Amino acid sequence: MAEQISRRALLAGAGALTLHAAREAPAAPVAIARQREYDQNLLPALKKMMDQLGGIGKLVKGKTVALKLNLTGNITRFPIRADLPYRTEPATVLAVATLLSNAGARRIRIIETFFPARQELALWARYGLDVQAIGNVGCKVEWENAQNLGQAQKYTRMKVPTGGYIFPAYDLNHSFADCDTFVSMSKLKNHWIAGVTMSLKNSFGNTPCSLYGGDCGPDGNEDPKQERPAVCHNGARTPPKGVPQELDPTTSRDAGYRVPRIVTDLVAARPVDLGIVDGVVSIRGGEGEWNKGTQIIKPGLMLAGKNPVCLDAVCTAVMGYDPRAKRGEKPFVRGDNTMTLAEAVGIGTTDLKRIGVRGLSIKEALHDFGPGPIGTTI
């Protein structure tokens, strides 16, 4: 962490972003590529972006790589709609898995948390993923639904090295610790609470609903049916006994306060080593079909970076927003700015002047996402 920040400053929110913390937070380059279709040019474009970032050999060669997808939304309530592209695009998973294998990965473990909390390969295929092709990219490929214990006998406790905004540690599926490199795949889009959702917000889904879901119960629930709002969004329930509890249960129960801070905690606990953001086709106005008023948008872009704060800052600028905007300023109409919260604890900088942009410039890639998530939600 760039500097010691008081507990009071952490809880204060974006005010924790001192000039010294902003100046000292790490900076890393971000690559932007023009990619208008999910076609044969996707893999070469990704390879070129990795080269522009200095290569990924050190991150990947001979290692176990966890590949976290963004299959947001309970598919039993919101089935796949090809006409509303807000989940990870299957073609990008195959391309990235191929990229990692070609770079020398020993094993790729594809992870996500979804319902039902079971491990059948067919559950992944529901999302349009070509599980056979992905399994044949050239190295060992594993699949783990991290919604519960999965294929382990116990959860892994991952401490927040910064001390934590909301929780001091999180009990997660073993996959988040049993890997050498953690890759986050996300979409370029708005979020109802967080304003934007890219490589940082994707980590919110690391929490298993067996421990952080609304029906987790006092002893946990290995077959959860409910999502995270009661525990994570509004703090109406606590995690099960034995799971790390909140640092200060008197803090705001507002989801716009809690969600960005929990995201920051999770990224500090399980750092993102490489983020890949799909902006080929996406939506604006929200993160899924439960946000009424969302619209399909076609920026025709792919973005990547080795620091999630830097990457998301550039993504946010490409969307036409100020990555340092405060709550109440677009797109952060309902919640605090996760990027500046993460910057305050030294994860990465939001200062665009310190972030080297490779490939397209922000100006060349600019695609207006409008005022942010302003519709209604169900």
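**Exercise 1.** In this predicted model, find which elements each supply at least two residues of the lining of the largest pocket.

*Solution.* Start with the strands: β8 (189–191) is one such element. Then go to the helices, where α9 (229–233) also supplies at least two lining residues. Next, look at the lining as a whole: 31 residues line the largest pocket. Zoom in on its centre and you'll find T72, E227, H233, E287 and W290 lying nearest. Now sort the lining by class: you get 10 nonpolar, 13 polar and 8 charged residues. To finish, note the volume of this pocket, about 760 Å³.

**Exercise 2.** Work out which residues lie nearest the centre of the second largest pocket, and how its lining splits by class.

*Solution.* First, the volume: the second largest pocket has about 220 Å³. Second, the lining: 14 residues make it up, and I80, R81, A82, E89 and P90 are the ones nearest the centre. Third, the classes: count 8 nonpolar, 2 polar and 4 charged residues.

**Exercise 3.** Now for closed spaces: say how many cavities of 30 Å³ or more there are, and what lines the largest cavity.

*Solution.* Begin with the count, which comes to 1 cavity of 30 Å³ or more. Its space is about 60 Å³. Walk around the wall and you'll meet A194, V196, T197, M198, L200, K201, D312, F332, N337, T338 and M339. The elements giving two or more residues to this lining are β9 (195–197) and α12 (338–344). Last step, the classes: the cavity lining has 6 nonpolar, 3 polar and 2 charged residues.

Technical notes. Residues numbered from 1 in each chain as written. Predicted model: local features only at pLDDT ≥ 70, side-chain atom pairs only at ≥ 80, totals over all residues. Heavy atoms only, no water. 1 Å grid on protein atoms, 1.4 Å probe; cavity = no way out; pocket = protein on both sides within 12 Å on 5 of 7 lines; lining within 4 Å. Points joined across faces, edges and corners; volume = space filled by probe spheres on them. Helix = DSSP H or I, 4+ residues; strand = E, 2+ residues; numbered from the N terminus. Nonpolar A, V, L, I, M, F, W, Y, C, P; charged D, E, K, R; others polar.
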